[in-house]
Amino acid sequence: MHCLFVLVIFLNDLKRKYFNSAALLLVSSVIVKAVSAVYKIPLTAYIGATGRGYFNIAYNLYMPLHAVIMGAFPVAVSHLVSKYNSYGDSAKIYSLRLAANRLFFVIGLAGTGLMLLIAKPYSAHIASSPKSLATIYALAPTALFSSMAASRRSVAEGYMNMLPTSVSQVVEALFKVVFGLLFAKYTMAALYNHYLHCGQVLGTACADEVQALSMIYPITSAAAVCGVTFGAFASLVYLSAYSSVKYNSRPLKNSYKTSDSVREIFNFSLPIIASTLIQSFSVFAYNSAVQYCLSLADFNLLVREYSQCLAINSTPDEDVTTYIYGLFSAAQDFKNIIPGFTMALGVAAVPALSSAFEDENKSRLSNLANSIFKYTSILSLGGGAYLTLTAESMLSILYKSSNYDIVIGCTGLIRFMGVTMLLYSLSGTAVFAVQAIGCASKSIPALIVSGLLRVALCAVLVSNPNYNIYGAAVADAAAYTVILVSNLYIFKKYSGIKYTFSQMLIKPALCSCAAFFGAKTVYSSLFSFQGNLLNFLVLSTLFGFIFTVGLVLSKTVNFSEFKFLQYG
């Protein structure tokens, strides 16, 4: 009986720590997303959809490296620190910290070198956009800075201390905004003013403004990306300072070799690296396929599909496919908002689920896992319905005065992405859960299948000018369906938990549908505002009220769970 009491206390404390960690990451995610929105709106105004195309082409090359740096090795370090902390082995944790710093430095340096090495062939032959070369070069050092920062962050996460992760994310976002916008604004102003006075851009004569802007946008995009690199460096400085103060104590006796700890991190990471690389390469291949297949589509039909947008933007023929890919990138900004929030639940879940799994109490593990999946579903289903409801109003508020072509080109795409939001968000949490119980290798076959499916569907749909970037959204949703279903199955099979689908999926889905249709019906019946801001505010208020009432009345949200949101 005493052992059972101790077990309950332990798991309640574990759940409290999880909710505290997740809440902290959610708050920082909200701040980061808000700051990013502030960043991307004026940035898009400076560089346009074409410039956003260059910006995202560089990111597409960087993201596979970023996924390994921020998603594979940190999970391994976090798990191992959590494991040895439960044993009280401070000497081993110290050895792991030294090993992580060395290993992550080498990985980051290799990542930067790889980006610089393949930038030219990638931009010319895969992205079909040679002008994106400068943007890729500007982003390359971020791989080194992010990797070194991740080694410091992951040690703290192993202690379920999410404060340095949260603060570093905010610091990185703020520096990215300040320096990115300053660099983009002044570079654009300097180059454009020089063209007005001399008719040249960097010494090359331009026949008209359209040609001048076609030359200016790649340079301005590269300047904006320099802000991202500055942000990554600022995050590294903060995390290094925090780590040196908080976790720099040396054990009285250290019998562990750093090389052995490097090997242990690497060995534990291998299946996670494999699954992460496959998933990242799948995303890379997907984005590259979208770019490449757009270039294969019938040019005249593609221009006809986007004639209104292209006329507003005055896009030259040579930049049409980059421009349309830029529209797709602008829509993905909105799609990635909700998964950015739910990732906080996944990151915090790794040490919590690892500890609960080691304890081998299936009912308690089921309770914790179902809570994690339920709140992921609430955020993703509610957020997706809200995005679908307010897409046109949001885009009009943000871009109508500066880039109305984005409003026309992205509204329908964002609505579709909102409908399929659960797939993107819940699949990420399911992957983290599988990694937390040491079964990352089990996900590999499904990740391969999803990657092949995504590229195959892109080849068929995106190259068809009638579907174009909408085909890419369909392919993405299909791939994430495979990832979600397979990882939920793997987690259930190897953890032995039982899912409560009524709480986890059905009730959040019903509440989201009720809020969507209820808000839409009430608004169309009682209100008729001309201003986009009023439309947005009224729709948001109606949706939020109905969704909240639905969650409470259906008992989807259990307020007793929030008693864990207490410190001490």
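**Helices, burial and cores in a predicted model**

Q: In which helix of this predicted model is serine 366 found?
A: The model is a predicted one. In it, residues 362-399 form a helix, and serine 366 is found there. That helix is α12.

Q: Is serine 366 buried or exposed?
A: A residue counts as buried under 20% relative accessible area and as exposed over 50%. Serine 366 has a relative accessibility of 10%, so serine 366 counts as buried.

Q: Which residues is serine 366 in contact with, leaving aside its neighbours within four places in sequence?
A: Contact means heavy atoms within 4.5 Å. With neighbours within four places in sequence left aside, serine 366 is in contact with Ile497 and Lys498.

Q: How many helices and how many strands does the protein chain have?
A: The chain has 568 residues, of which 55% count as buried. Its secondary structure comes to 18 helices and two strands.

Q: Why does the distance between the end C-alpha atoms of helix α5 agree with its number of residues?
A: Helix α5 covers residues 163-198, which is 36 residues. The expected span is 1.5 Å times one less than the number of residues. At 1.5 Å a residue, helix α5 should therefore span 52 Å, and its end C-alpha atoms are indeed separated by 52 Å.

Q: Which residue follows α5, and what is its phi?
A: The residue after α5 is a glycine with a positive phi. This is glycine 199, with phi near 70 degrees.

Q: Which helix gives the most residues to the largest nonpolar core?
A: The largest nonpolar core has 140 residues, and Ile265, Val290 and Phe328 are among those with the most contacts inside it. One helix, residues 2-87, gives 24 residues to this core, the most of any. That helix is α1.

Q: How many residues are in the other core, which includes Ala515 and Phe543?
A: This core lies apart from the largest one. Val538 and Leu539 are also among its members. It has 17 residues.

Q: Is leucine 103 buried or exposed?
A: Leucine 103 lies in helix α2, residues 90-126. Not counting residues up to four places away in sequence, leucine 103 touches Phe73, Val262 and Ile265. Its relative accessible area is 12%, which is under the 20% cut-off. Leucine 103 is therefore buried.

Q: What separates the C-alpha atoms of leucine 103 and methionine 148?
A: Along the chain, leucine 103 and methionine 148 are 45 residues apart. In space, their C-alpha atoms are separated by 8.9 Å.

Definitions and conventions:
Residues are numbered from 1 along each chain as its sequence is written. This is a predicted model: local features need pLDDT of at least 70, side-chain atom pairs count only at pLDDT 80 or more; totals for chains, interfaces and linings use all residues. Side-chain values use heavy atoms; hydrogens and water are left out. Helices (H or I, at least four residues) and strands (E, at least two) are DSSP runs, numbered from the N terminus. Buried means under 20% relative accessible area, exposed over 50%, partly exposed in between (1.4 Å probe, protein chains only). A nonpolar core is a set of buried Ala, Val, Leu, Ile, Met, Phe, Trp, Tyr and Cys residues joined through side-chain atoms within 4.5 Å.
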